[in-house]
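Colleague: I should like to learn how to read a structure of this kind. May we go through it feature by feature?

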Amino acid sequence: MPHYLGLDLSTQQLKCTVINSEHRIIAEDAVNFDNDLPEFGTVHGAIIHGDVATSPPMMWIKALDMLLERLAAKNVVNNICGIAGDAQQHASVYWSAKGVEALKNLDPSQPLTEQFSNAFSRAQSPIWQDASTTKECRALEQFVGGDQALANLTGSKAYERFTGNQIAKFYHNEKEAYDATQYIQLVSSFLASLLLGNIAPVDANEGSGTNMMNIMTHRWDKDLVDFCGGKDLYGKLALEPTEGGVRLGQIAPYYVKRYGFNPECVIMPFTGDNAATLSSMNLRSGDCVVSLGTSDTVLVYLKKQDAVPTTEAHLMAHPTDPEGFMGMICYKNGSLARQRIRDLYANGSWDTFNEYLGKPCKEGQIGFYYWMQEIVPFAKGIHRFENGQPVEEFSEPQTNVPAILESQFFSMLLRVKYMMPLSKVRRILATGGASVNKNLLQVLSDVFGLPVYKSQGTNSASLGGALLAKYGMREDKNMTLEEMVNQTQGDDLDLICQPNLERTKLFKEKLSTFERLENEITKR
Ligand code: XUL
């Protein structure tokens, strides 16, 4: 029976999921960057200095060899007929000419890292947590006539982490290294390239995270590209974005000889991690996905007539429906911020954290927790209020536990309307590492006043990658991903919580105070 491999290169780890043609999981594994590759010195997968956040591309390369070695030991590699996957969005890799040469001539007798010394003109890749390009963002918006004009063109106003702005900073500040760059890739297309042994195109969903792709035509916007990186950038991007569901080519002989992959195994385009998550869930109309991971994201699938570009949310190309869109809101202070509160106030224990959730915040108690520069709202720092007044600490410090969840979910509730009318949302589909915590999902359910469902596995992005691999290999090119999934799986979601509507009413009453205080701290 043919197998399909999905790879997910996220902030903290490289994961894989192998499925069979009935979508049953055959194998899963993960390489954790901090624990398995400590020599790269990352903390939670990143190296952070103020607003600058990077990861070394060599770490990702080493992780790939390590993961495939483990997979080969499980004897599942030979049956894999298709590979797709995803990566954290926006992060970019800068190839030198020497690197591209090595990529096209991979030697199976040596590990990848040996072959890629001097392969990059930038040893550190900027990642999605970076917030150091505000100057470049404002310049790009001004160039096209404002933030809404840029959103109309590309699906988003300018954001610090978006690749075009990251490239612009490199172009202006490190011209020599920029000129020594042959190709610039997103991490998703970089990972596909490593497997292909050749430069792979970015998919249209990932192109939407650059501020350089036209959201309607899915082609690079030449003016925006030139503005971000001068007249050479278009050539450095190598290829126009591709739609999902196509085949890029066969796996490089390196993986056949070194790990026993089938030489006929086909590589499909890699997408963004949020798009892969969306692909793993069989959405119905009225579904809203809340993914609780290193970043928290709210995701919806929008048909053409419902998709409106705004400056408050992202409109991105859908990974498999060329006519459709993915609406997204993204938060930087997700699981790492929740863990920090657990460590500071709940003795590092999720049980104690859950116990404290039993006592919700009082009416006038509201907290905002932005250790990292937040995306929406654009705010930083920790801010607490009691009876409408700013306070250093709550009268009972354990209030920080319910306060962080209320605050995170209130922010989502306030912003879903920028993607679809709240009245149309029927169910929340929760996913991501933190979705294993039912007490946390109960707060989410109470804030939205909606039932929360969960899919069975937690590795939804790498599962999405495996499904995208199978989708690329389908015989009938008119078959949609939904039709493919419905043939075998159907709706395998579990109902986890129903809202406590009395709590929902109290939360609704609190929402306007939350919104006012959020505005206040954003202006600080
Ligand atoms: C989305 C974003 C994050 C990363 C996390 O715009 O920046 O969700 O994709 O990996």
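The dialogue below takes up helix packing, sheets and some single residues.

Modeller: This is a predicted model, in which local features need pLDDT of at least 70 and side-chain atom pairs count only at pLDDT 80 or more, while totals for chains, interfaces and linings use all residues. Residues are numbered from 1 along each chain as its sequence is written, and side-chain values use heavy atoms, with hydrogens and water left out.

Colleague: How is the packing of two helices described, and at what angle do α17 and α18 pack?

Modeller: Two packed helices are described by the angle between their axes and the distance between the axes. Helices (H or I, at least four residues) and strands (E, at least two) are DSSP runs, numbered from the N terminus. Axes are lines fitted to C-alpha atoms, for helices over the stretch in contact, and angles run from 0 to 180 degrees between N-to-C directions. Here α17 (residues 400–415) packs against α18 (residues 438–448) at about 40°, and their axes are 10 Å apart. That makes α17 oblique to α18 (under 35 degrees is roughly parallel, over 145 roughly antiparallel, 65 to 115 roughly perpendicular, and the rest oblique).

Colleague: Which residues of α17 and α18 meet?

Modeller: Contact means heavy atoms within 4.5 Å. From α17, Leu405, Glu406, Phe409, Phe410, Met412 and Leu413 meet Leu440, Val443, Leu444, Val447 and Phe448 of α18. By class, this contact of α17 with α18 has 10 nonpolar, no polar and one charged residues. Ala, Val, Leu, Ile, Met, Phe, Trp, Tyr, Cys and Pro count as nonpolar, Asp, Glu, Lys and Arg as charged, and the others, Gly among them, as polar.

Colleague: At what angle do α5 and α11 cross?

Modeller: Helix α5 (residues 134–144) and helix α11 (residues 222–229) cross at roughly 145°, and their axes come within 11 Å. Ala139, Leu140, Phe143 and Val144 in α5 meet Asp223, Leu224, Phe227 and Cys228 in α11. The contact of α5 with α11 comprises seven nonpolar, no polar and one charged residues.

Colleague: How should a sheet be read, and what is the strand order of the one that contains β17?

Modeller: Two strands pair if DSSP finds at least two bridges between them. The order is β16-β17-β18, in an open sheet with antiparallel pairing. Its edge strands, β16 (366–370) and β18 (389–391), each pair on one side only. Five bridges join β16 to β17 (residues 381–386), and tyrosine 370 stands opposite glycine 381 in β17. Helix α17 lies across β16 and β17, at about 75° to β16. In the loop between β16 and β17 lies proline 377; the peptide bond from valine 376 to proline 377 is cis, with omega near -5°.

Colleague: Why is one side of β4 and of β8 left without a neighbour in the sheet?

Modeller: The three strands of this open sheet have the order β4-β5-β8, with antiparallel pairing. Strands β4 (47–49) and β8 (125–126) stand at the edges with a single partner strand each, so one side of each is left without a neighbour.

Colleague: Where is glutamine 12?

Modeller: Glutamine 12 lies in the loop between β1 (3–9) and β2 (13–20). Beyond its neighbours within four places in sequence, the contacts of glutamine 12 include His44 and Thr294. The side chains of glutamine 12 and threonine 294 form a polar contact of 3.1 Å (a pair of N or O atoms within 3.5 Å; within protein, one must be able to donate a hydrogen and the other to accept it, and residues adjacent in sequence count only if both atoms are side-chain atoms). Histidine 44, in the loop between α1 (33–36) and β4, has a positive phi of about 50° although it is not a glycine.
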